Amino acid sequence: MEFDTILVEQVESTAIVTINRPKKLNALNKATILELHTAFTNLGADKSVKAIILTGSGDKAFVAGADISEFAHFTEEEGARLAGKGQDELFNLVENLSTPVIAAVNGFALGGGLELSMACHFRVASDNAKMGLPEVSLGVIPGYGGTQRLPQLIGKGRAMELIMTAGMISADKALSYGLVNYVVTQEELMPLCHKLIGKITNNSSVAIAAAIKAVNAGFSTEGYAAEIEAFGACFGTEDFKEGTSAFLEKRKANFPGA
Ligand code: COA
């Protein structure tokens with residue numbers, strides 16, 4: 001498979017998908033989301049692929065979020081459409097894939113990047129990784145499932161704090177929260193993922209697919225629509241205009257408030 005913004009390779013029965021925009025810290029733009037959609041759809045249908053690792057290129061970032069430059073000028077409707085389409089085409093697709101998907105979080109996983117790692121079946125991080133949902137610092141909220149999956153993984157109180165403070169946590173803190181399952185050095189990250197996959201692929205892929213379906217069925221999907229609606233509404237606010245302009249102009253935001 002040939003793509004512009006991602007790399008896909010296969011080592012025996014494991015596919016490795018690498019988001020490849022290192023100069024933009026692998027931020028998710030429209031093209032990347034579309035290519036990831038195509039790659040995951042194809043890999044999910046490929047019987048020779050027993051597991052997938054998702055990672056970012058370079059040694060600095062997994063994914064530093066959705067590409068802010070692409071949506072800063074969006075209307076409320078366009079904002080809601082962005083979140084709804086992204087959730088459908090990528091985040092829900094990954095979460096519900098029958099093939100196990102491990103996120104190898106090799107650096108910053110912020111905003112849409114943390115959300116993408118949370119859509120994966122579980123996460124392994126390198127010790128330089130930093131994770132957070134900084135959207136409220138831009139005058140918007142997480143729109144790719146972060147308001148739902150973060151509380152599922154770390155509990156409501158910790159998720160509320162992380163979302164409201166727009167803070168970043170270290171890999172070790174993420175481990176203590178249960179957001180990632182292991183923390184290792186960057187050199188050890190991919191070998192550990194392959195080792196875990198070795199244990200997974202000894203088992204029945206039919207039963208694993210059924211387990212993924214059953215685990216996911218235990219979580220309500222009602223909140224996602226509320227998130228899309230609230231995300232879209234943020235695009236009509238002065239705070240959103242100020243937050244995104246400030247980021248692009250590399251200055252601190254001065255929110256006018258309601
Ligand atoms: N969208 C678009 N571009 C992004 C981006 C994003 N989410 N994250 C990083 N970039 C770009 C920067 O604009 C910069 O581009 P430039 O070199 O053309 O100016 C490049 O990637 C490198 O980022 P930079 O900010 O210079 O690196 P840093 O080491 O100083 O800071 C971060 C790293 C991750 C702390 C910082 O990039 C950041 O805060 N990114 C945004 C995180 C965010 O809010 N994500 C949620 C989006 S909804």
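This report looks at the ligand and the cysteines of one structure.

The structure is a predicted model, in which local features need pLDDT of at least 70 and side-chain atom pairs count only at pLDDT 80 or more, while totals for chains, interfaces and linings use all residues. Residues are numbered from 1 along each chain as its sequence is written, and side-chain values use heavy atoms, leaving out hydrogens and water.

## Around the ligand

Let us begin with the neighbours. The ligand is surrounded by 19 residues, where a residue is near if one of its heavy atoms lies within 4 Å of the molecule. Lys24, Lys60, Ala66, Ile68 and Lys250 are the closest. The shell holds 11 nonpolar, 2 polar and 6 charged residues; here Ala, Val, Leu, Ile, Met, Phe, Trp, Tyr, Cys and Pro count as nonpolar, Asp, Glu, Lys and Arg as charged, and the others, Gly among them, as polar.

Oxygen atoms of the ligand pair with polar atoms of three lysines, as the table shows.

| Residue | Partner atom in the residue | Distance from a ligand oxygen |
|---|---|---|
| Lys23 | polar backbone atom | 3.5 Å |
| Lys24 | side-chain N or O atom | 2.5 Å |
| Lys60 | side-chain N or O atom | 2.6 Å |

On its own, the ligand has 850 Å² of accessible area (Shrake-Rupley method, 1.4 Å probe), and the protein covers 69% of this area.

## The cysteines

A disulfide is a covalent bond between the sulfur atoms of two cysteines. How many disulfides does the count come to? With a disulfide taken as a pair of cysteine sulfur atoms within 2.5 Å, the count is 0. The sulfur of Cys120 has its closest cysteine sulfur in Cys193, but the two are 10 Å apart, so they are too far for a bond.

Is Cys120 buried or exposed? Cys120 is buried (under 20% relative accessible area, with a 1.4 Å probe and protein chains only), at a value of 3%. Cys193 is buried too, with a relative accessible area of 0%.

How values were computed
A polar contact is a pair of N or O atoms within 3.5 Å; within protein, one must be able to donate a hydrogen and the other to accept it, and residues adjacent in sequence count only if both atoms are side-chain atoms. Buried means under 20% relative accessible area, exposed over 50%, partly exposed in between (1.4 Å probe, protein chains only).
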